[in-house]
Amino acid sequence: MNFIGAVGGDDGDGDDKEKEEEAERERQEAIREAEERRKEKHRKMEEEREKMRQEIRDKYNIKKKEEVQEAPPPEPDNPLMRKKKTPEELAREAEAEDQDDFTSESQPRQGRGKLKNSIETQVNELKTQIESKCSLQ
C-alpha cells in the first residue's frame, strides 16, 4: 500500500508557495495603491489651500513671493519600496570603499597634493634622522 500524499504529503507544497507568493504580490500592490491614493489626496488638498491663499492675496493685494522651484525631495528610504541593487552595483560600492587615498581618482587635486606633501615631509624627516644616526665611510 502507498500512503505517501494521502494525508497531505509533499504534493501541496508547490501550491502553498505559489499562494503565498501571490498573496505577497497582492499585498505589495495594495500598499502601492494606498500610497498613490494618499499622495493624490494630499496633492488635491494642497491645491485647495493654494487656491484659498491666492484668494486672500487678491483680496488684500499681496504679491506672491517668487519661489525657486526645487526638485522634489527624494522619497525617504522605505525598505518595502526601495529599488533593489544589482550584484554589479553592490560589487562597485564595495570596491569603492576598499580603495584608499592613494588609489582614489575621485579625490580632488588639491586634496591629493596635500596628502603628497605631508608624505614627502614625513619621508624627508625620516631620511634626515637615519642619515644623522648612520655615517657612511
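**Exercise 1. The whole chain**

Of the 137 residues of the protein chain, what percentage count as buried? Work out the secondary structure too.

Solution. Start with what you're looking at: this is a predicted model, where local features need pLDDT of at least 70, side-chain atom pairs count only at pLDDT 80 or more, and totals for chains, interfaces and linings use all residues. Residues are numbered from 1 along each chain as its sequence is written, and side-chain values use heavy atoms, with hydrogens and water left out.

Step 1: get the vocabulary straight. Buried means under 20% relative accessible area, exposed means over 50%, and partly exposed is in between (1.4 Å probe, protein chains only).

Step 2: apply it. Of the 137 residues in the protein chain, 2% count as buried.

Step 3: look at the surface. The chain's accessible surface comes to about 13800 Å², and 53% of that belongs to carbon and sulfur atoms. Such areas come from the Shrake-Rupley method with a 1.4 Å probe; for residues, only the protein chains shown count as cover.

Step 4: check the helices and strands. Both are DSSP runs numbered from the N terminus: helices are H or I with at least four residues, strands are E with at least two. Here you get three helices and zero strands, and reading along the sequence gives α-α-α.

**Exercise 2. Salt bridges in helix 1**

Find which residue forms a salt bridge with R25, then look at two other pairs.

Solution. Step 1: the idea. Side chains of opposite charge can pair when their charged atoms come close. The cut-off for a salt bridge is a side-chain nitrogen of Lys or Arg within 4 Å of a carboxyl oxygen of Asp or Glu. The structure holds twelve salt bridges.

Step 2: R25. Its partner is E22, with the closest N and O atoms 2.8 Å apart. Because R25 and E22 are three residues apart in helix 1, about one helical turn separates them. R25 is partly exposed at 49% relative accessibility, and E22 is partly exposed too, at 34%.

Step 3: E24 and R27. Their side chains meet in a salt bridge at 2.9 Å, N to O. Again, they sit three residues apart in helix 1, so they are separated by about one helical turn. E24 has 35% relative accessibility, so it counts as partly exposed; R27 has 38% and is partly exposed as well.

Step 4: E40 and R43. This salt bridge spans 2.3 Å, N to O, and both residues lie in helix 1, three residues apart, about one turn. E40 is partly exposed at 33%, and R43 is partly exposed at 38%.

Step 5: go beyond pairs. Salt bridges that share partners join E46, R49, E50, R53, R57 and K64 into one network.

**Exercise 3. R57 up close**

Is R57 buried or exposed? Name its contacts as well.

Solution. Step 1: locate R57, which is in helix 1.

Step 2: check its accessibility. R57 has 13% relative accessibility, so it counts as buried.

Step 3: list the contacts (heavy atoms within 4.5 Å). Setting aside neighbours within four places in sequence, R57 touches E50, I62, K63 and K64.

**Exercise 4. Patches and an odd angle**

Which residues make the nonpolar surface patch of about 320 Å²? Then find the patch of negative charge and look at the phi of N61.

Solution. Step 1: the patch rules. Patch residues have over 30% relative accessible area and no salt bridge; like charges are joined within 9 Å, and nonpolar side chains (Val, Leu, Ile, Met, Phe, Trp, Tyr) within 5 Å.

Step 2: the nonpolar patch. I56, Y60 and I62 make it. I56 is in helix 1 (residues 13–60) and is partly exposed at 47% relative accessibility.

Step 3: the charged patch. Lys and Arg count as positive and Asp and Glu as negative, while His and the chain ends are not counted. A charge is placed at NZ of Lys, CZ of Arg, CG of Asp or CD of Glu. D15, D16, E18, E20 and E21 gather in the negative patch. D15 lies in helix 1 and is partly exposed, at 45%.

Step 4: N61. This residue is in the loop between helix 1 and helix 2 (87–98). N61 isn't a glycine, yet has a positive phi of about 55°. At 68% relative accessibility, N61 counts as exposed.
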